[in-house]
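Work through the following exercises with the sequence and the three-dimensional model beside you. Try each task before you read its solution.

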Amino acid sequence: MAEDMLMLNISSDPVTFHRKTDRSHLTSAEKWAQKKLQSKRKAVFEPQESSASKQRKINQTGQQHTHKQKLQTPKSPSRRSNNRDTEENGDQSEITAAKSPSKVKTFPKKAPEEHGDHGRPFIKTSSLFRNNPEIPDVLSPAVNLVKEKVFTSNTFEELNLHPHLVATLHKVLNVTSMTSVQKQTIPVLISGKDAVVRSQTGSGKTLAYGIPVVQFLQAMQPKVKRSDGPLAVVIVPTRELALQSFQMFQKLLKPFTWIVPGVLMGGEKRKAEKARLRKGINVLISTPGRLVDHIKNTLSIAFSAVHWLILDEADRTLDLGFEKDLTLILNALNATGLARQNVLLSATLTEGLSRLASISMKDPVSIHVSEGSGETVEACPQAGPQALSDSYAVPERLQQHVVVVPSKLHLVCLAAFILTKCKFEKRQKLIVFISSCEAVEFLLTLFTAVLCENPNTTSTKRTSDLNFYRLHGNMRQEERTEMFQEFSQCKTGVLLCTDVAARGLDLPQVTWIIQYNPPFSAAEYVHRVGRTARIGAQGSSLLFLTPSETAFVDVLANHNISLSEMKMVDILATLIKDERFKGRGKWDSKRSAAAFEQEVRERATVLQTDFENYVHANNESLQTAKSALQSFLRAYTTYPSSLKHVFHIRNLHLGHAAKSFGLRDAPQGLGSSITTNPNNSKDSKKGKDKAKRPPKKLTSKERVSNLMRSEYLSGIEGESKSMKKRKKKKGQAEEEESA
Ligand SMILES: Nc1ncnc2c1ncn2[C@@H]1O[C@H](COP(=O)(O)OP(=O)(O)OP(=O)(O)O)[C@@H](O)[C@H]1O
């Protein structure tokens, strides 16, 4: 709870960036020995510079670059910002000649564009490899891996389904044998029971509920009519997932043309959706917010005939603070008094589920696919949701990796990884998870400008296999749908996205999942990595952590998830293959290992400098980078209290984080708009000017909820009051128009 309340005002709070080492008790010999040890440890990451070169720089800049780690921020904001400036100057900015440091000169500071970004006559280099925290070894604890077998040897013919349905499964959907979850779930649902279904990502849960629904509806007598309205309601958390489920129903219903599926997902005009509802939708797929909006504002939904309620990704729907919406939907459904079959599904059904189950289900059968329970499947009638454990199954052929990267090196390391896969390997399709919409936009622009440039042409022609896509909650719906479809169909490319793409999306042939910003829970980790290695295929994942975040590996191990470590230096080593980022001298592959490392560091620095030059080229790109950094920091404050020991903004070094946004310095006054400071509110004297009061404190849950809601907007929820007002007026106008 105390952790819950701990929110940081970066602009006025004392912030500990690094642990201060009290060395006052040491003898001078001990101090010397300690210093020596530290410099040995750091040597791995620091460029090797000759003392002459160091001296030259001292002479030029008039100050010695300190190698000491900054230990603590001073108390007052002004002093702190001074300190930050000093630190950044000392730490980062050296004006050198890019490719010939032996001829280091002092250049007049020019605007970056004058330097010719990519001609790179001179660069303002960044000491990427200095003053980084030590990289600890990551030891993933031994865990009992939970395994689930994907396929069974049973066929759909065994289920006594309508022959046209079986034929559609074969011919349209290309499926013949059942998956484990389908084998267990379909008979339970056909028998008329409620069910809580948990099975790993990409195991075929959509068909596990889709087939019984279609089998039921096609057999209904009298025959289903459009005018019956919704007979099955499917609730999913995101628009893309709604679209995907809708497309699956469209295929399944091909032979049964009298049953009409429809999707409500926001982005479309309410009036148009209302018209479709009026015509009649028998299988209604919707995001919760959009459905609530229609229940409240259009009188076109008659729930009197609903037989099925499916909550796919049920735990997420609750997480997002949609509980209120769900209650409203359930009340609307329950008002009809018709007996209904309810199904909850997810790969991570645990906490929160019992609450949801208690309001929506009757003696559910718990289906939990796991190895060691007969033929991979365990069905315990009456077992209830409490039978679900906290151990998550991930696909067997998923290779999970973690890399520990200091904040400063995050950007170049991600770029190097993308280049490794997309430029130097064939047919790679990557999804990169990023914590905010602004950061997605920023990275898209930056990478497109810096990484896609073809060195052999003067134009901005792209390097062949490097195509970037984006998906986040701030995009217009048409763009979202277009991007989603484009990335689905592409053979190779990189999707930069927020968690809006974490759940349920079935994007074919994704080879790598990169979690550039760590997820907000172990469950979200599981869903993110689940976008690859689907339905028995192979896939890989890579989780980026900073040295202070490595305890997240233990958090995952508590859920029986095990990762193997990848080394940052190995990722950066790819840059050796890319001539665009050549270091200062002529590179000779026969040179020593140390020279190789030095060359890698130089190339990483050249790449970082390209990023920085791009960002600092004009005010617009600078502002974009700053607001991306700010949104990243804001997101960082929203980790739940149970993970604050791993992800606490106190542990972030702002200057270093700024570097990962191509900024040379940490911008001033970042904190004021990030969050509130409980100390401030405590200190504020009664009767003070209301305007000066800090904004209302939010609980950790509220902060997560707010952030996530903005990512999962269903077209209506989460909009600002003024937007809502405007829309309401517009809606009224539309109503009047249609009347
Ligand atoms: N029996 C089957 N045989 C072959 N492929 C199948 C079968 N059932 C489903 N699939 C395919 O497997 C893929 C994954 O299915 P689906 O999206 O339903 O998984 P899921 O369990 O819902 O995953 P998530 O938990 O990520 O939402 C889809 O492309 C689907 O068409």
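**Exercise 1: Backbone in the loops**

Pro 222 lies in the loop that runs between helix 7 (205–219) and strand 6 (232–235), where helices (H or I, at least four residues) and strands (E, at least two) are DSSP runs numbered from the N terminus. The model is a predicted one, in which local features need pLDDT of at least 70 and side-chain atom pairs count only at pLDDT 80 or more, while totals for chains, interfaces and linings use all residues. Residues are numbered from 1 along each chain as its sequence is written, and side-chain values use heavy atoms, with hydrogens and water left out.

Task: Describe the peptide bond from Gln 221 to Pro 222, and then find where Asn 160 and Asn 560 are placed.

Solution. Begin with the peptide bond from Gln 221 to Pro 222, which is cis, with omega near -10°. Next take Asn 160, which has a positive phi of about 60° although it is not a glycine, and which belongs to the loop between strand 3 (151–155) and helix 5 (163–171). Asn 560 also has a positive phi, near 60°, and its place is the loop between helix 18 (552–557) and strand 19 (564–566). Finally consider accessibility, for which buried means under 20% relative accessible area, exposed over 50% and partly exposed in between (1.4 Å probe, protein chains only). Asn 160 is exposed, with a relative accessible area of 68%, whereas Asn 560, at 17%, counts as buried.

**Exercise 2: Helix 8**

Task: Compare the expected span of helix 8 with the distance between its end C-alpha atoms, and state how many of its residues are buried.

Solution. The expected span of a helix is 1.5 Å times one less than its number of residues. For the 14 residues of helix 8 (residues 239–252) this gives 20 Å, and the end C-alpha atoms are 20 Å apart, so the two values agree. As for its surroundings, helix 8 is mostly covered, since 11 of its 14 residues are buried, among them Leu 241, Phe 246 and Phe 249.

**Exercise 3: Aromatic rings**

Task: Classify the ring pair of Tyr 209 and Phe 249 and that of Tyr 516 and Phe 544.

Solution. Rings of Phe, Tyr and Trp (its six-membered ring) pair if their centres lie within 6.5 Å, and planes under 30 degrees apart count as stacked, over 60 as edge-to-face and the rest as tilted. The whole structure holds 16 aromatic pairs. Tyr 209 and Phe 249 are 6.2 Å apart, centre to centre, with 45° between the planes, which makes the pair tilted. This pair links distant parts of the chain, with Tyr 209 in helix 7 and Phe 249 in helix 8, 40 residues apart. Tyr 209 is buried, with a relative accessible area of 0%, and Phe 249 is likewise buried, at 0%. Tyr 516 and Phe 544, at 5.4 Å centre to centre and with 70° between the planes, form an edge-to-face pair. Tyr 516 lies in the loop between strand 17 (512–515) and helix 17 (522–529) and Phe 544 in strand 18 (residues 539–545), so this pair ties together parts that are 28 residues apart in sequence. Both Tyr 516 and Phe 544 are buried.

**Exercise 4: Cysteines**

Task: Explain why Cys 437 has no bond to the closest cysteine sulfur.

Solution. A disulfide is a pair of cysteine sulfur atoms within 2.5 Å, and by this rule the count is zero. The sulfur of Cys 437 is 11 Å from that of Cys 497, the closest one, which is too far for a bond.
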